[in-house]
Amino acid sequence: YYMGYHTKQTQEKGRAGVSIWYKSKWRHRIIKKKSSDDGRIATLKVALPGHRTLLVIGVYQYARHASLEDKQMRDRVQTTLTKILDKADTNGYIVILGGDFNADAEKEDSWTRQLLQTTETISTVEEYHKPSDPDKYTFQSAKGTKSTLDYIITFKKHRESLLSAGI
C-alpha cells in the first residue's frame, strides 16, 4: 500500500496543497518531511542505500494567467524552488522534481523557460512526462476542481543512482 505526505492547509482552505505518495515499505527510509509556508512546495528527504540521499520535490504553481498578486506568488514559488534545488546540488542529493507547474513547454511560456533554467542549475533534464490528453487529470477535489501532474523531471547525473535504488 501507499502512504502520503501532504502540505499544511493554507488560508486558502482546500486549495494549493501538495502531496507526495510513496510505497509504505519506504517509510523507514524517510529522513525529513518539509513544506513551504504557503503549501505550494513539499519535500521528502529519503535515505538510499550507499549513504545517498534522495530529495523528492512536489510543486503546485499558481496559474499563468492570473492577477498581479498571483504573479508575485508565482515568482516567490520559483525563488523558493531555486533555493531548494541549489541546496540539493550543494549537498549532493539525488533529485526527483514533479508537480503541476501550470506550464506548457509547447507554448514556451516564460514560466517553462524559468523552470528549465532552474533545473539546468543541477544538470541536463533527463525526462519529461506530460499527459497528451488534456481531458486527463491526476487529481480532482471534492468540489470538482481538476489538476494535472504535468512534469516529472529527473536528471542525467542521477540516473544510475535511481536505477540502483530501484526507483
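**Notebook: fold, confidence, cores, pocket and loops**

I began with the secondary structure and counted three helices and ten strands in the protein. Reading from the N terminus, I noted the element order as β-β-β-β-β-α-β-α-β-β-β-β-α. The model is a predicted one, and I therefore turned to confidence next.

**Confidence**

I recorded a mean pLDDT of 76 for the protein, with 68% of its residues at 70 or more. I then looked up which element has the lowest confidence and found strand E7 (residues 125-127), at a mean of 42. The highest value belongs to E4, at 94. I also marked residues 120-129, where pLDDT stays under 50 throughout. For these residues the model has 33 contacts beyond four places in sequence.

**Burial and contacts overall**

I noted that the protein has 167 residues and that 42% of them count as buried. I next examined contacts between residues at least 6 apart in sequence, and 54% of these join residues at least 24 apart.

**Nonpolar cores**

In soluble globular proteins, nonpolar side chains tend to be buried together. I looked up the largest nonpolar core here and found 17 residues in it. The members that touch the most other members are Ile-41, Ile-57, Val-59, Leu-81, Val-95 and Leu-97. I listed the elements that each supply at least two residues of this core: E5, H1, strand E6 (94-100) and strand E10 (151-155). H1 gives the largest share, six residues. Apart from this core I found another, of 16 residues, and I noted Tyr-5, Tyr-22, Trp-26 and Leu-54 among them.

**Second largest pocket**

I entered a volume of about 360 Å³ for the second largest pocket. Its lining has 16 residues, and I recorded Lys-34, Thr-43, Leu-55, Ile-84 and Lys-87 as those that lie nearest its centre. I then asked which elements give two or more residues to the lining, and found strand E3 (30-35), E4 and helix H1 (68-91). H1 is thus on two of my lists, as it also supplies residues to the largest nonpolar core. By residue class, I divided the lining of this pocket into seven nonpolar, four polar and five charged residues.

**Asp-37**

I located Asp-37 in the loop between E3 and E4. Its relative accessible area is 84%, so I entered Asp-37 as exposed, the cut-off being over 50%. I also noted Lys-8, which is 29 residues from Asp-37 along the chain; the C-alpha atoms of the two are separated by 8.1 Å.

**His-51**

I placed His-51 in the loop between strand E4 (41-48) and strand E5 (52-60). I read its phi as near 55°, a positive value in a residue other than glycine. Is His-51 buried or exposed? I entered His-51 as exposed, because its relative accessibility is 82%.

**Ser-164**

I found Ser-164 in helix H3 (residues 159-164). Ser-164 counts as exposed because its relative accessibility is 64%. I then looked up the spacing between Ser-164 and Pro-49: the two are 115 residues apart in sequence, and their C-alpha atoms are 8.7 Å apart in space.

Technical notes
Residues are numbered from 1 along each chain as its sequence is written. This is a predicted model: local features need pLDDT of at least 70, side-chain atom pairs count only at pLDDT 80 or more; totals for chains, interfaces and linings use all residues. Side-chain values use heavy atoms; hydrogens and water are left out. Helices (H or I, at least four residues) and strands (E, at least two) are DSSP runs, numbered from the N terminus. Buried means under 20% relative accessible area, exposed over 50%, partly exposed in between (1.4 Å probe, protein chains only). On a 1 Å grid over the protein atoms alone, a cavity is a set of points where a 1.4 Å probe fits but cannot get out, and a pocket is an open set with protein on both sides within 12 Å along at least five of seven lines; lining residues have an atom within 4 Å of a point. Grid points are joined across faces, edges and corners, and a volume is the space filled by probe spheres set on the points. Ala, Val, Leu, Ile, Met, Phe, Trp, Tyr, Cys and Pro count as nonpolar, Asp, Glu, Lys and Arg as charged, and the others, Gly among them, as polar. pLDDT is the predictor's confidence in each residue, from 0 to 100. Contact means heavy atoms within 4.5 Å. A nonpolar core is a set of buried Ala, Val, Leu, Ile, Met, Phe, Trp, Tyr and Cys residues joined through side-chain atoms within 4.5 Å.
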